[in-house]
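Biologist: Please take a close look at the surroundings of the ligand, and then follow the chain outward from there. I would like the cut-offs stated as you go.

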Amino acid sequence: MSGKRVLSGMQPSGYLHVGNLVGALQNWVRLQDKYECFYVVVDWHALTTQYSDPSRLQDYIKDMLVNWLAAGIEPEKSTIFIQSHVPEHAELHLLLSMIVPLGWLERVPAYKEKQQEVKDKDLRTYGFLGYPVLQASDILMYKADLVPVGGDQMAHLEISREICRRFNHFYGNVFPEPEELLTEFPKVPGVDGRKMSKSYDNCIYLSDSPAEVEQKVKTMVTDPQRVKRTDPGDPDLSPVFQLHRIFSTKEEQAEVAEGCRTAGIGCIDCKKVLIKNLFSILEPIWDRRKDLLEKPGLIDDIINEGTKKAKKVAGSTMNMVRESIGLK
Ligand code: TRP
């Protein structure tokens, strides 16, 4: 255990899928044994884009917490909490907003990209522009040294650092500069070969039943040129093989690729191997999900406990912040 502190967050903007599992969650589980970890469900961040229909927010939060725990995040090791339960984040967000030049926010690539990509929502809002300031408040509040993120979050982290430096420059050395803990994960493709994403409706969810997972894989398209069982195929053109690259052993990958190219095996055989491997990752998660869902009070207890711990740190940070600015 090093003395360093880790903080990361996830937006409850949909149900968790295997892309979230291998892209982030499994890494979070590993970090628990090395660092003091804070993991936060950032519900206010989800509202920056889903403000017009928050009807499923509580469902998504609950699904997220169940899956974090089922995947192996342990409340004895990590502090797990919900952002809106610690309103200090809002106060820090406000105070940081005073010192953040608009240009910094307008320059974040995700700001313009998402506005263009998401056509059904008006993202020309004050809250969405301030998304990185809210993220900086999550990170700085816990004086995190390390922030595990994927490559797409680098710009957000850079802004957090700039905000940190500007704050310290004006008001004295309050915050340590957070560093990213960049681990490049394989991008998990969905069942249609595009990036796994709820907006493409191509996800394998952690809450899917075994039958649903099996069905999703069985109906996946393969190499479109392999029409008959006797036609040789090209694994590189098959979304099924892309999933093998992530979930199957090197030997299995070599075997199914060879079988595909020589028409030695059919697409069903290839899919069976994938289903077996998905099941072996998901089965322990399904078991723990079932246990957790049978004890509804347990999650509430864990969150209350996590909130208490988070609030303690947040309270003491905010005292320092107010004092350093001269608010008393
Ligand atoms: N922006 C992050 C994402 O979409 C979520 C997030 C919010 C976050 N606050 C954070 C990540 C603090 C790391 C640290 O993935």
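Modeller: Helices (H or I, at least four residues) and strands (E, at least two) are taken here as DSSP runs and are numbered from the N terminus. The model is a predicted one, in which local features need a pLDDT of at least 70 and side-chain atom pairs count only at pLDDT 80 or more, while totals for chains, interfaces and linings use all residues. Residue numbers start from 1 along each chain as its sequence is written, and side-chain values use heavy atoms, with hydrogens and water left out.

With that in place, α8 gives the most to the shell around the ligand, namely 4 residues. The residues that surround the ligand, where near means that a heavy atom of the residue lies within 4 Å of the molecule, are L7, S8, G9, Q11, V42, H45, Y131, Q135, D138, I139, V147 and Q153. Some of these residues also place a polar side-chain atom beside a nitrogen atom of the ligand: the distance is 2.7 Å for Y131, 2.9 Å for Q135 and 3.0 Å for Q153. On its own the ligand has 360 Å² of accessible area (Shrake-Rupley method, 1.4 Å probe; for residues, only the protein chains shown count as cover), and the protein covers 88% of it. Two or more residues of the shell come from each of β1 (5–10) and α8 (131–141).

Helix α8 also holds A136, which is buried, with a relative accessible area of 0%; buried stands for under 20% relative accessible area, exposed for over 50% and partly exposed for the range in between, with a 1.4 Å probe and protein chains only. Setting aside residues up to four places away in sequence, A136 touches L96, M141, S160 and I163, a contact being heavy atoms within 4.5 Å. After α8, in the loop that leads to β4 (146–149), K143 has a phi near 50°, a positive value in a residue other than glycine, and K143 is partly exposed at a relative accessible area of 23%.

Further out, the domain assignment, whose bounds come from an automatic or database source, gives domain 1 (5–188 + 296–325) and domain 2 (208–289). Their centres, taken over C-alpha atoms, are separated by 35 Å, and the contact takes 14 residues from domain 1 and 8 residues from domain 2. The largest nonpolar core, meaning a set of buried Ala, Val, Leu, Ile, Met, Phe, Trp, Tyr and Cys residues joined through side-chain atoms within 4.5 Å, has 55 residues, and L25, L65, W68 and I204 make the most contacts inside it. That core draws at least three residues from each of domain 1 and domain 2. A second, separate core of 40 residues includes W104, L105, L157 and V174.

In the loop between β5 (179–182) and α10 (210–218) lies D208, which is buried with a relative accessible area of 7%. The side chain of D208 makes a polar contact with that of K216 at 2.7 Å, where such a contact is a pair of N or O atoms within 3.5 Å; within protein, one must be able to donate a hydrogen and the other to accept it, and residues adjacent in sequence count only if both atoms are side-chain atoms. D201, in the loop between β5 and α10, has a positive phi of about 55° although it is not a glycine, and D201 is exposed, with a relative accessible area of 67%.
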